[in-house]
Every structure is written in C-alpha cells, then in structure tokens.
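User: Please take a close look at one buried spot in this model and tell me what surrounds it. After that, I'd like to see how the rest of the chain is held together, in one connected account.

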Amino acid sequence: MATTGPIELAQTAKRDSLQEFEKKYQARWQAERIFEVEAPTIEECKGLTPTEIQEKYPKWFGNFPFPYMNGSLHLGHAFTISKIEFAAGFQRMLGKRVLFPHGFHVTGMPIKAASDKIIREMELFGEDFSGFNAQEEAIHPHPHPAPTATEDDPDRASTEKVIIPATDNTASGAKQSEGARVDKAKKGKQAAKATGLQYQFQIMESIGVPREDIKKFADPYYWLEYFPPICIADHGLFGTRIDWRRSFLTTDANPYYDAFVRWQINLLYRLQKIKFGERYTIYSPKDGQPCMDHDRSEGEALGPQEYTLIKMPVIEFSSSSHSIFEAAKDKLNGRKVSLVAATLRPETMYGQTNCFVSPLLDYGVFAINDQEAFVCTHRSARNMAFQGNSAEKGKVTQLLEINGKDLVGTKVGAPFCLVNNGEVYVLPMESILPTKGTGVVTSVPSDSPDDYATLMDLRKKAEFYKIDPKWASFDPLPVISTPTYGEMTAPALVQKLKINSPKDAKQLADAKEIAYKEGFYNGTMLVGEYKGLPVQEAKAKVRESMIQKGGALAYAEPEGNVVSRSGDECVVALMDQWYLDYGEPTWRAVAEKLIAKMETYNAETRNGFEGVLAWLNKWACARTYGLGSKIPWDPQFLVESLSDSTIYMAYYTVAHYLHGDITGTKPGLLPIKPEQMTDQVWEHIFRDGPLPTDSDIPKEHLAQLQHSFNYFYPFDIRSSGKDLIPNHLTFCVYNHAALFPESKWPLSIRTNGHLMLNGQKMSKSKGNTLTMRQGIEKFGAGATRLTLADAGDGIEDANFDEKTANASILRLHTLIGWCEEQEREKNKLRTGEKNFHDKVFEEEIKRLINTTYKHYEATNYKDALKYGFYELQSARDWYREVTSDVGMHADLVHYWIRISALLILPIAPHFSEHIWTEILKEPKSVQYARWPTPSSPPDHIILDAGAYVRNILKSMRDAEVTLLKKMGKAKGPAVTYDPKKPRSIRVYVATAFPEWQDKCVQVVKDAYDAEKDKVDDVKVRSLLTERGLIKDKRAMPFVQAFKKRMGQFGATTAFNRTVPFSELEVLNEIAPYLKKSLNLVNVEVYLADDAKGKGFSAAIIESAEPGSPAFEYWNV
C-alpha cells in the first residue's frame, strides 16, 4: 500500500485531452436524458403477476445514504457512491430498468449551528468580517464555540462498534454489565482542531465561498440553495448515472417530503413504535435538547452507559479531611456526606473490602438535597443534576473541594458488604480516571483483578503509600463461584497471568475481560439473598434490592466524551421525551428476520448488524433545535435527523411525479399539491391501504404512484460506509420491518471501509485530502473512477493511490491511441482462416468476459477491473507478440476493441463511450449497450493449450537464465552449451507417463474413498509394499505430491492424467515463434520414444511427461 503524499502532475496534456471528451459525453448523456427511468406502464403490466412483471421488465434499484448539504462531497463519498455507480452501469448492461436516485439531507443541527455561529461572528467582526485581526485574536481570542466541520472534511467523526466488557473508571477498567458494549468512537475533530481555523467564516472561505457571500449563510435555508447545485455539478463531472428528477431536500423545505415524514411518524406512533416516557438520553444543556449522532462534533454513536451508584456514607473522616469538613460545617448545613461509586457489577458488592479514590484528583462535595451531599467529580455531579438527583434540574451546587489524598483513611459504610460489618476504608489508587464514573471506585478483590492487584500492592508498600496497614487488612471474601477459577476468580487470574503489580496494564486488561465473562456467563452467587442463583439472574435483582433499600441510586453518563455541534460537553439526562422503541422484543425479532433474509456480501457486515441489534434500544426521535419536520401531534418538537431518513428510499419511487425540483415549488409529472398528500394517500401508495375516499387526487394518478412504488420496491442494494451500521442502517432495517410487508424489505445492504489517500487517513489538518471535484480536476473522471475501483471492495479500509490514478491517465490515453490506430489501419491486418494463436486469443477473451461478469455480479469491482481491463490488455499483448511474424487477425482485433469498451463500461463509461461512438462508429450511446455474453462457452481445451505454450516458453527462458548464473560462478558445474553462441533446441514430447508413476497412481486410486473424498494412507503403504514399490525412493514423494494435486484440483481431475490436445501439433505450430522469441537457429520437436537411440541425452528424454515436455539446447 502506498504511503506517499500527494503527487504533482508534471505534464497534463494527456489528462486534458481525456477531460475534453469526458465533458463532451457528459453533455450528451444529459441532453439525451439517458439515466431517467420509468416503470413499465400500467397497461403493459395488465394481467401480469408481480413476478411476471419483473421477468418481463426486470428492474434494479440502488441507492446510498444521501449526503449532508453543508459542504462539497469528498473522495470518501465518491468511494461509497462508486459502489452503486458501478453496479448501476453493470445492471443497465443486463437490460434492466436501472434506478439510481440522489437526495439531499439537511435535517438536524449542523446547518443551523453553523448559521448561528456566522451571526455571532458578524456581530463580532462586521458583515464582511473586516474587523477580524488574526494577530489580535491570537493574543486575546473572543470566546466562541468551535466552527462546524463541513461535509467535505474527511476528518469528521466515524465510529466502530465493538462488543467487549465495559469498564468502571480505572485507567485499565474493571467491571461490566451483561452484554454491555463500549463504543470506541474515533473522535470527530472539531473544525478548529482539524483545520487550524478558529471561526466559521474561515471554514466557509476554506471551501471556496467568497467572503462577501458568507453573510448569506447566516440564513440556514441559504445553505439549502447553495450546496445542492454544487453536488449535482460534481456528479456531472464524475459521469454518475443518476436520475436527478427524483431528488429532494429533507425537512419542511420540501412540503411533499415533509408530508411523507409526517405520515411515517404518525404511522409509527399508531403502531406504538414511538412512545413517550422517562428515559436516559445524551443531552446538551447548552442546546436544551437531546444531542443525537448527527448533532455531534465528537462522540458519534456513543450512548448512555447505565451504572449503579453505590452510596458509601462517611462513618469517620480521616485526620486530614476532618478539619476540612469541620471548617465547612455551615456550608454542609447538617447534610450527611457520602462517597458515591459508580459500578457495573452490583452483584459483587457483598465482597467490598475498601473503596478507592485518586490522590491525583480534586473532588467536589455536592449538595444533592437538604439531607445529603455526595463526594465525586464535577463531571459526574453534572450528570446527576440532569437525572433527578439534585434539588433543581440541571443545577450543580458544589459546597467545597477536597483532594483525593485527604480522603484516604476515611471510614465509610459499604451497602450489602459482608466484610467488617460493612465498614471499610478509603485507599489510594492512582489509575482512576476523572472522565469515567464518579472518581470513586468500590473494591471487590475477589472478582476484580485490578482491585486485587492494587490491594496487594498497598499491603506490601503501606509505608510508601502512607497508609495505616489496618486500612488494607480485610481479606477478599468469596462472592461468586465459577467452574474455571473457583471462588476467587481475581486472585486466580492474577497468579495465572503472572501479574506482579497494578502497572501490568496489558495483563490486567486481559484478566478483567476473562473475569467478567466467566463471572457473568458461568458464575453462581455464593452469598446474599440470591445465593445459589446464576449471576445472569441475580445481577438485576441485587441492583433493584440495593436501590429499594436506599443503599444505591440509578446513574448514567455518556460512554465517552460527547460534544455537540455548539461546542457543549453533553451529559446523560433522564427526561420525558418521544422515542422509538428499538430493542422491543417483538420488533427486534422482525428486524432480525429481515437481516437473516438480506444479502450483506460479507460476514463482517452481517455480524455488525447482529451485534447492534443485540444492544440497540430506545432512541430519542425528537428535538427542538435545528431544521426538520415537526412531530404532528406535538409540534413543539422536530423529528431528529436519523429518524426522518430511514425509509426515504421509498420516496424516490414517486418523487418526480410530485415535484419538479428539490424544494417542491415546481409541479411534477402529475398535478398534485402538497396538501393533497394526506396520511391516507401515502398509506394507499406504500402499504396498499384502501383508496382514500376523501381525496380529490384522480384515481388514475393514485394508481400511477402506487404502480411506480410497487415496481421499483424493494430496493436491490444500499451502499454505505461501515460506520453507519450502528445507527442509520440498523434504523433503516427496523423501520422497514415495522412499516412494510416482507415483499418490500431491502434485498441487500453493502458496506465498505473508509477511504485512505496515498496510504494515510484523509485529514484536512495534515493536508492529505481531496474533494470529489478536486480528484476529477486533477486526474480526470476516467482515471479517478479506475482508481476508486482499484482501491478495494471489502469492509477494511481502502486506499486511493494517486500514483495509480496518474498511471491510469497514461493507460487510458495509450489504449485509445492504439484502438484508433488499429481501426484506421484495419485493412493492413490479416484476414481469412484463424490459426492456433487466433483461436487461443478468442477463447481467452471469452474466459475474461465470463470471469469479469462474475466479479461485477458479486460487487467485487477491484477484481472486475483486474480481469475486464488489465488482464484483457495482457491477453492482447501476448497475442500481439506471438503473431508478430504473421500479424493479428482483423476480426479478432475489432472484437477485442469492442469487448474492451464493454467490459470496463460500468467503471469507465467515458472511455467506453469514446471507443464505442468515435472509433467503432456505433450510432447509439454505449450506455444502451448490453453485456457481451459469448455465443458459446470458452473452449477449455484451447485455453489449456494456450497456457501450455506460455508455460513452455517460460521454462525455456528460465533454463537459460539459470545457466547464465551458473556460468558466472568460478566453481560452477560444467555446462553443456554456451547460451551466448548460436544455438538450437530439441523438445521431447512424452505420450505416456513412466510405468512406475502409473502404478503409484493406481495405488492411490485403490486406496481412495470417493464418498469420504479421502485417501487411506495406511492402505497406500500396504499396497505399495504388496506391489513392490515401497523400496523405490521415488514412490512416496510422488504419492505425496499426487495427493496434494488431488486437494488442489479434485480427485477426478487428478486421476485423469491425459492431455486434451496434441502437444506435437501445438509445438510445431509455435516453433516459428519460439525461434524468434528465443533467438534460435532451429527448433526440433520429437516424440520421446522416437528420440531414444539418436544419441541425444537419455536422462533428459526420460524426464519428459505428458503435458510437461523436456528440452535441451545445443550450439550449432
């Protein structure tokens, strides 16, 4: 994989000439409206079943997640889009009605947040921003939120879900609830960090917006006018096969789509999929609303992590903290002080021996109500304030601050603890993180390797840590029994993994994961009121009991750092809100059924969906800030940005009938007004509901809308980046499962990895980025498309290599020149009967056609490019070489040029169009061409003969290279001829294998069990002994090699040891080429039997086998 930086093109003449005809063909395709597609008419489908309609009028509908319109598309977008674009081109060649639409997403916070920032910056610096002084700003910066990243910034957030044990708030982590997950989100850098630009107006300038126009973007709806035309133009330069009539804006900016979303939301509400209630959600206090994935500048896909908050009331303050609290008596006002620890393993609390705080952290003492004050970090107190654990929602009241080292030695009560009557001491632990949990950690050394290692270390070094040894004197208490590690899981693992101190981070991390999984899945409770129950059953019961008895509270916080687009660090809030009830068992079961039926193209994608379905639950679907459609029954709220984009693929099927532009201001093909699109009408169109009796839309128009939907739906494929599996793609699955019958469920979803540039992550801050347009302008559409196809097809990250793109310019230009020359001088080419090389070439073309077809069908475009473009040219190069003495056949050259245009058409249509119309003089666009299925299957006998010729030639060349190396060595073996002098070659062809080999093959055959497809080795040895072959040193190595061949090619092929063509005829046919290619005086071909007795090398003659002739050079 390339690891170089961006390259500079030294010369651009070839690229410029390619771009010139690319623009010409793009204009033609647009003028001829080639990519606009309609369903067959109702009349044409009359009397046909849905299956019969698809058989007679096959269709293909592919789509990808519509991009957000706050910037230009970057090359990563182009990569995902290319998967649908290439497929669309291929499916057109199969004679299908191909629908590839494209919408524009504008729902949510990013545009509104960015426009608000521009308003703020205009107040600071004036409408033209002339008041901005970079030097002054560097010294005295104005306080302001970071600018919002635009869509063309590939440095935006991406996420990767992993199902691993979640941790408490130690640096290496600890305990975990069942099936819990940690979403490892790669931080989406804020624009200021990613680009070095501090203000939104600077971001706008960086993407090409003139400074004098930036003030227009203070209106969020201006973004909706500005960026979609740029997106359409970029696609035009790329040559995308999109039906632009079906495009639209989301939100109430398009009243038709707004009506569609209202119907969807109303239907989900009616089906009880949308509910109202108190639940945890990621919340921005600054924005005053839930902060969903698309509203975040950091932490996309992170959700609430629920803990049990263990209340540990102070029994006796340490000597150093006593004076601090005494001095703050008035502030405490009689409140009971408790340290609070967040745990994910409440079932282990019976075994607490102490609790930990960090001597490196400052803690706050926060008023929870008039009776209680909690010791914890400010971050956790802020979360609690939004979860009903403060006198006033959202208000954090800090009474005093204290360092963790001052708390060490404090005696606290530990609820449910069976050690020392539930009274334990606070001990130091330097690895506690302030960014997770409360900064206070309960210690259960029987089941937590971290706790056990730290406790043992404190015991050994009590003086060093300045603690009283009695504080760490309580021994671990057995709480859970496991079949593998007994009653003391943590000590057993510490010993097994040879963990010597709390600093053995890697071993502790491994131990934690093992301890959690073993305890949760195989553990049994040894103590407490749920003694004897499996941990899986006891966990929730213990938590509920502890909360009911006042020893704990429910608590939640974000799984990681989440920052809103407005720059606010988010919390978890417990609030009444509208939410989609994802995870509800019945709904989830239907979603799982959909996934099971759907093609995902690779196991990783399927596993990703199944993993998300295992943890995804209630999802807030309402917000109050940003752009969007109003929730019909509660219009103070807007539908959030991931919830209005789950089934819009269905909208594509009817969009052009409703409106003639993306805003819905121009009428579509049918005279229908937005207000006419009621829920009943949508229900009739998309769910075969009853004909609306109160609708004034003509019945024939309703029939047309319904017919178009039923013809194109379900969609055949959706292509997306893998980072959308945890949210958008799974939401798409859930909503289709709820709203549509099985016959309309998605047929497939394909995901890809991220796109790197020159082997490195694309990043504006590192100057390693390309927008879609920049790539096209730099390399041309054809070379860009070839390089995107070559970048990769799996779910792992792909790579756009600019060296490959640059090389593609030369290859395309050279290939076009060669095709032009051959067609121009075709009268000089050979005609008449085809010779051996002609036949091999023709069959090789057929083979490559069929191989390329299979790769296109499997959406493996890198391999389609390999066989349908590169290897096709290699086959031509070989043919051109082997026929250099007699010339190429005119018919085959013309056939090859035609096939070269067609096989690469899905990937490089501009090239194909030029070959098709300018060189081959075809009257219609190549976009109407069909796949060139061969009239007959490839002749494998001829192909084998061709491969035989190439192998012989290689062997002969390799033999001379080896000899030359031997001659260069002073003490090398004697050589039989001098390759530097005139020489000839004799080739010996065997018609039968040596007798001893045939006997060995028969032995293997007799020991082979066809049903089991297995050779009995014991029987082989017995038969070799019985038939007198065991002492032949050649026998066993040959048998082993033959068995290996059986494994590679199958038993039938291995046992069939005949050559399907005449080696003698083939070698005599290619003798002239061998003479020329190897610069020989003569080529003599003998049957091995005839060569014996002529004075030639008997050992060499003896080495000849069918399919593997022997040869020897000699000087003449």
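Analyst: Happy to. One term is needed at the start: two residues are in contact when heavy atoms of theirs lie within 4.5 Å. Please also keep in mind that this is a predicted model.

With that in hand, let's start at Phe 686. This residue sits in helix 23, which covers residues 679-687. Is Phe 686 buried or exposed? Its relative accessibility is 2%, and the limit for a buried residue is under 20%, so Phe 686 counts as buried.

Which residues does Phe 686 touch, once those up to four places away in sequence are set aside? Its contacts include the aromatic side of the list, with Phe 260, Trp 263, Tyr 651, Phe 709 and Phe 740. Ala 650, Thr 653 and Val 654 complete the set. For a distance to check in your viewer, take His 707: it is 21 residues from Phe 686 along the chain, and the two C-alpha atoms are separated by 9.7 Å.

Helix 23 also takes part in a charged link. Glu 683 belongs to this helix and Arg 270 to helix 9, and their side chains meet in a salt bridge with an N to O distance of 3.7 Å. The pair links distant parts of the chain, as Arg 270 and Glu 683 are 413 residues apart. How exposed is each partner? Glu 683 is buried, because its relative accessible area of 15% falls under 20%. Arg 270, on the other hand, has 55% relative accessibility and is exposed, because that is over 50%.

This link is part of a wider set, since the structure holds 62 salt bridges, and those salt bridges include another one worth a look. The side chains of Arg 245 and Glu 36 meet at 3.6 Å, N to O. Arg 245 lies in the loop between helix 8 (220-238) and helix 9 (255-270), while Glu 36 lies in the loop between helix 1 (13-31) and helix 2 (50-56), so the pair ties together parts that are 209 residues apart in sequence. Glu 36 counts as partly exposed, at 29% relative accessibility. Both residues belong to a network of salt bridges that also links Arg 33, Glu 38, Asp 243 and Arg 246. A further example joins Asp 16 and Arg 15, with 2.9 Å from N to O. Here Asp 16 is partly exposed at 34% relative accessible area, and Arg 15 is buried at 15%.

Now to the strands. Strand 21 (residues 571-580) is mostly covered, with 8 of its 10 residues buried. It runs antiparallel to strand 5 (residues 274-284), and 10 bridges join the two. In that pairing, Ile 274 stands opposite Leu 580. Strand 21 also pairs with strand 22 (residues 619-620), again in the antiparallel sense, over 2 bridges. Leu 580 appears here too, with Trp 619 of strand 22 as its bridge partner.

Strand 8 (residues 304-316) is another place to follow the pairing. Antiparallel to it runs strand 19 (residues 552-558), joined by 7 bridges, and Gln 305 has Glu 557 as its bridge partner there. Strand 9 (residues 336-343) is antiparallel to strand 8 as well, with 6 bridges, and Thr 308 is matched with Thr 343. Strand 14 (residues 411-413) adds 2 antiparallel bridges, where Val 314 has Val 412 as its partner.

Finally, step back to the whole chain. Its secondary structure comes to 40 helices and 34 strands, and its C-alpha atoms fill a box of roughly 115 × 85 × 70 Å along the principal axes. Of its 1116 residues, 58% are buried. Among contacts with a separation of 6 or more, 78% come from residues 24 or more positions apart. The chain exposes about 46300 Å², with 50% of that supplied by carbon and sulfur atoms. As for charge, the mean positions of the 137 positive and 145 negative charges are 4 Å apart.

Key:
Residues are numbered from 1 along each chain as its sequence is written. This is a predicted model: local features need pLDDT of at least 70, side-chain atom pairs count only at pLDDT 80 or more; totals for chains, interfaces and linings use all residues. Side-chain values use heavy atoms; hydrogens and water are left out. Helices (H or I, at least four residues) and strands (E, at least two) are DSSP runs, numbered from the N terminus. Buried means under 20% relative accessible area, exposed over 50%, partly exposed in between (1.4 Å probe, protein chains only). Accessible areas come from the Shrake-Rupley method with a 1.4 Å probe; for residues, only the protein chains shown count as cover. Lys and Arg count as positive and Asp and Glu as negative; His and the chain ends are not counted. The place of a charge is taken as NZ of Lys, CZ of Arg, CG of Asp or CD of Glu. Two strands pair if DSSP finds at least two bridges between them. A salt bridge is a side-chain nitrogen of Lys or Arg within 4 Å of a carboxyl oxygen of Asp or Glu.
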